[in-house]
Structures are given as C-alpha cells and as structure tokens.
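Me: I have a protein model to study, and I would like to understand the words people use for it. Could you take my questions one at a time?

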Amino acid sequence: MTEGDRILPFPGRRAPGETSDAPAIPTLPEPAPTLEGVVLLRGGRRLLDGLTLRLPGHGITALMGPNGAGKSLSLRVMAGLVRPDLGQVRSIAIATSLVFQRPVLLRRSVRANLDHALRAARVPRRERPGRVAELLGLGALEGLADQPARALSGGEAQRLALVRALAVRPRLLLLDEPTASLDPRSTAAIERLAARVAEEATEVVLVTHDPGQAARMADRIIFMHRGRDVETAPAAAFLDRPETPAARAYLDGRLLI
Ligand SMILES: Nc1ncnc2c1ncn2[C@@H]1O[C@H](COP(=O)(O)OP(=O)(O)OP(=O)(O)O)[C@@H](O)[C@H]1O
C-alpha cells in the first residue's frame, strides 16, 4: 500500500480538516486489492473462492457475512497465518496484527504480556517501560498492571489483547469479532479504543455480525458469502439499502451459508 493510498478519503467523506466550503478532493476510483483472486482449498472444498478485498488504507472496514462465509479465514490470510492455494496477497503481514474473539494471553502479569510483545517487536529495552505505560493507559489498564492476565474479566482481557496488538505499531489491525462475548460497557470500551486506533493512522478491519456495531464503527462494509466478496459499499448505504439479494437476506436474518 502506498502512502498515496493512505491519505485519500473514502468516496463521499471529507478529508481531515476539510470544511464544508472546501472543494471536494477527488476520490480514488478503487483501492488496489489487498487480497486478489484468493482461493483456499481444504478437503476438496473451496473455502475462499476467488476472494478480492480492496482496503482503502485507512479507516474502519467491517467484514460481514453468514457463519462459514470465510471472514476469519480471510483475516488469517491477510495476517500471513494461512497461505492461499491461488491468488495474490500484498505483503502486509509484517505490519499487521490480529486480535481474536477469545483473547490469547500469556499466563503472566498484564505488564509482562505487554513487555513480551514489545520485546518480540524488537523495541529496545530502555524504551519498553515507557511504551508499556503508554499501552496500559490506552487500554485503561493502569490499575491492573500487576494482576495475572488470567484473572482479568473478559472485557479487560480483550482490552489487553487489543493494546498488546498495537505493540508492533501495525499499519493494519485485524479484529475478529472482538466484542462477541462482551457486555455493552466492555463492548463500548473496545469500540472506542478501535476507533481511536483508526484515527491514529492504523487501518482497521473488523469482523462483526452486529449491524449496530457496523453502523457505529465502520466507514464501509464488505459483505462476504461462500468465500467470495459479494458487495462493497459505504456502511450507511449497505445497512439501509443492500444491493444484492444475499446481503438483503443476511440483514433480514434469512441467509445461511
Ligand atoms: N483449517 C480448516 N480446515 C478445513 N475447513 C476449515 C478450516 N478453517 C475453516 N474451515 C471452514 O471454512 C469455512 C469458513 O470458515 P471461517 O471461520 O472463515 O468462517 P466465518 O465467516 O469467519 O464464520 P463465523 O461467522 O461462523 O465465524 C467454514 O465452513 C469452516 O468450517
């Protein structure tokens, strides 16, 4: 992804600082694909079937689609954890972090989890305490720094997983149903954190089944079905007026894989 991709606004959105009187900035025709024609075969099934995902380089994109559509697999391909059988993946894995629905944490303190991630990201030892403090603050975890991570509540653990994912200062943060098992307050905390991260130049891809969450958070939505990208649209337009029959059926609760 070039720097040029990163500063262009979504179609219909204003650039930061642009007032309503300012001339509209020309929009990108279409961002270059992050995944292009990706096919993933397992046991004779095409789990991803020619998937092309175009990420604009900024903001929050929600991936929606029924169970089994291939959303999690596509995040894993983007993160470099799964290699596709066919198709292109732009080399973004190094600058990409993935957060799962159920946080995977070390059986050590909150502080040690963050320090470990910073060490793995090759942050020099003298810089680590400052970065740990910064991440604790971002996740509102200061008071829990010396607690064992396994003693955290679900919401606290997910906040830790999210700020830990920022240790590498990723350009792309992949969130796989990060609030699926959280209460409304913890969900709001994760949403605020993700929105803040996206404002600070890390692009976010969020898998969600919750149209309310997509409406609150996403700039645009990519709807997947049967391993394919079926529809891409600005979030409000997609949620109000999905164009494809499959997306309409999904939003009405009628679509199975
Ligand atoms: N390692 C694997 N081997 C074989 N099949 C797999 C593997 N991983 C996933 N699948 C299958 O691939 C399909 C897509 O799975 P994926 O987890 O990406 O779906 P999803 O869209 O994220 O669904 P959900 O909304 O339920 O999380 C499913 O049918 C799943 O059973």
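Me: Which residues point one way from β8, and which point the other way?

Reply: Arg220, Ile222 and Met224 point one way, while Ile221, Phe223 and His225 point the other way, and all are buried. Before we go on, please note that this is a predicted model, in which local features need pLDDT of at least 70, side-chain atom pairs count only at pLDDT 80 or more, and totals for chains, interfaces and linings use all residues. Residues are numbered from 1 along each chain as its sequence is written.

Me: What makes β8 largely enclosed by the rest of the structure?

Reply: A residue is buried if 20 or more other C-beta atoms lie within 10 Å of its own, exposed if 12 or fewer, and partly exposed in between, with C-beta atoms placed from the backbone. Six of the six residues of β8 are buried, so β8 is largely enclosed by the rest of the structure.

Me: Why is Glu199 called partly exposed?

Reply: Glu199 has 13 C-beta neighbours inside 10 Å, so it counts as partly exposed. Glu199 is in helix α6. Its C-alpha atom is separated by 7.0 Å from that of Gly59, and the two residues are 140 residues apart along the chain.

Me: Why does Arg122 count as exposed, and what about Glu177?

Reply: Arg122 counts as exposed because it has 7 C-beta neighbours inside 10 Å. Glu177 has 19 other C-beta atoms within 10 Å, so it is partly exposed.

Me: What is special about phi at Arg122 and Glu177?

Reply: Most residues other than glycine have a negative phi. Arg122 is not a glycine, yet has a positive phi of about 60 degrees. Likewise, Glu177 is not a glycine and has a positive phi of about 45 degrees. Arg122 is in the loop between α3 (110-120) and α4 (128-138), and Glu177 is in the loop between β6 and α6.

Me: How do you know where a helix or strand such as β8 begins and ends, and when strands pair?

Reply: Helices (H or I, at least four residues) and strands (E, at least two) are DSSP runs, numbered from the N terminus. Two strands pair if DSSP finds at least two bridges between them. Six bridges join β8 (residues 220-225) to β9, and these strands run antiparallel. One example is Ile221, which stands opposite Ala233 in β9. On the other hand, β3 and β8 pair in the parallel sense over four bridges, and Thr61 has Arg220 in β8 as its bridge partner. The hairpin of β8 and β9 has two residues between the strands, and in it Arg226 takes a positive phi near 50 degrees.

Me: What makes β5 and β9 edge strands?

Reply: The open sheet of six strands has the order β5-β6-β7-β3-β8-β9, with mixed pairing. In this sheet β5 (96-99) and β9 (228-234) each pair on one side only, and they are the edge strands.

Me: How do you know that helix α6 packs on that sheet?

Reply: Two residues are in contact if their C-beta atoms, placed from the backbone, lie within 7 Å. Helix α6 (residues 184-199) touches β3 (60-64), β6 (172-176) and β7 (203-207). Its direction makes about 145 degrees with that of β7. For such angles, axes are lines fitted to C-alpha atoms, for helices over the stretch in contact, and the angles run from 0 to 180 degrees between N-to-C directions.

Me: What is the order of the strands in the three-stranded sheet?

Reply: The order is β2-β1-β4, and the pairing in this open sheet is antiparallel. The edge strands, each pairing on one side only, are β2 (45-54) and β4 (86-89). Three bridges join β1 (residues 33-42) to β4, and Glu36 has Gln88 in β4 as its bridge partner.

Me: Which residues of α3 are buried?

Reply: They are Val110, Asn113, Leu114, Asp115, Ala117 and Leu118. What covers them includes α4 and α5.
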